[in-house]
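This note is offered to a colleague who is meeting the structure for the first time. Please keep the sequence and the model in view while reading.

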Amino acid sequence: MPNSATFDFTGQVVLITGGGSGIGLQTARDFVDAGARVVIAGRTLSRLEAAREQLGGAVTAVATDVGDAAEVNALVEAVLRDHGRLDVVVSNAASFVPGDVTAVETADWDLSVRTNMNGFFYLAKAVLPHLAASGGSFIATSSVSGMRADWGMPVYNAAKGAVSLFVQALALDWGAKGVRVNAVAPSLTSTEPVAPITGNPALRTQAEARVALGRIAETEDISPVVLFLASDAARYVNGVILPVDGGTSASNGQARWAAA
């Protein structure tokens with residue numbers, strides 16, 4: 001699905017964590033199309049290299065575990081060494097942990113904290129001073145699950161709730177320093193981690209019934225909003241958790257009693 005939104009990021013350097021697949025990969029593609037030099041980071045080098053080949057010569061791939069502060073610092077140092085500046089950072093790396101709290105293993109909780117919360121913290125700490133120097137933008141991928149709770153996903157809700165509040169707090173502290181900090185909050189989106197839901201006809205029908213637009217999001221629905229938040233068109237947008245959810249969060253949560 002081609003995007004109709006167009007932005008110009010010629011000459012800008014963009015860093016995207018979790019850039020090897022899903023929303024991160026599509027966002028990288030859109031930034032490349034908009035003229036940016038893009039660095040994608042993720043844990044799996046083979047996946048990153050495959051993504052880089054898809055995206056073309058304006059992209060660099062750096063294997064990074066965002067849950068390791070030293071690796072995040074090394075990533076940012078490499079970007080500055082190779083490109084000399086940093087204009088946009090997209091904190092997109094995430095871990096999806098579903099299940100009732102009594103069924104979630106401690107190791108899965110630790111992975112969620114390491115990736116979603118520690119990873120955000122290490123990245124923000126490393127990049128915000130450089131974004132202040134360039135007047136840049138920091139954008140996170142949160143979720144509508146970070147705004148309200150889901151059935152059977154307390155760990156994921158906690159993780160994305162932390163991301164959303166972290167974004168708002170950083171927006172307060174760094175706005176006067178010239179950095180805008182915002183987040184997109186997608187609803188269920190067709191990506192690999194949620195394939196058991198989107199690939200199950202019964203579950204997909206249930207999910208689609210809660211979306212005002214009547215369909216599950218694609219990554220191409222989310223990525224243009226990231227570019228908007230990074231663009232000069234959003235120059236007075238700061239501290240926003242922007243739902244990109246087809247109207248999901250417009251509901252008060254009650255059942256759909258009658259067909260429209």
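The points below treat one helix and then the nonpolar cores.

1. The model is predicted: local features need pLDDT of at least 70, side-chain atom pairs count only at pLDDT 80 or more, and totals for chains, interfaces and linings use all residues. Residues are numbered from 1 along each chain as its sequence is written, and side-chain values use heavy atoms, with hydrogens and water left out.

2. Helix H3 covers residues 69-83; helices are DSSP runs of H or I with at least four residues, strands runs of E with at least two, numbered from the N terminus. Asp-68 caps the N-terminal end of H3, with a side-chain oxygen 2.9 Å from the backbone nitrogen of Ala-70. Just after H3, Gly-84 has a positive phi of about 80 degrees.

3. Buried in H3 (under 20% relative accessible area, 1.4 Å probe, protein chains only) are Val-72, Leu-75, Val-76, Ala-78, Val-79 and His-83. Viewed down the axis of H3, these fall within an arc of 155 degrees, so they line one face of the helix; the arc is taken from the directions from the helix axis to the C-beta atoms. They pack (contact: heavy atoms within 4.5 Å) against strands S1, S2 and S3 and helix H4.

4. The largest nonpolar core (buried Ala, Val, Leu, Ile, Met, Phe, Trp, Tyr and Cys residues joined through side-chain atoms within 4.5 Å) has 31 residues, of which Val-127, Leu-128 and Phe-138 touch the most other members. H4 gives the largest share of this core, seven residues. A second, separate core of 29 residues includes Ala-34 and Leu-227.

Methods. The expected span of a helix is 1.5 Å times one less than its number of residues. Buried means under 20% relative accessible area, exposed over 50%, partly exposed in between (1.4 Å probe, protein chains only). A polar contact is a pair of N or O atoms within 3.5 Å; within protein, one must be able to donate a hydrogen and the other to accept it, and residues adjacent in sequence count only if both atoms are side-chain atoms.
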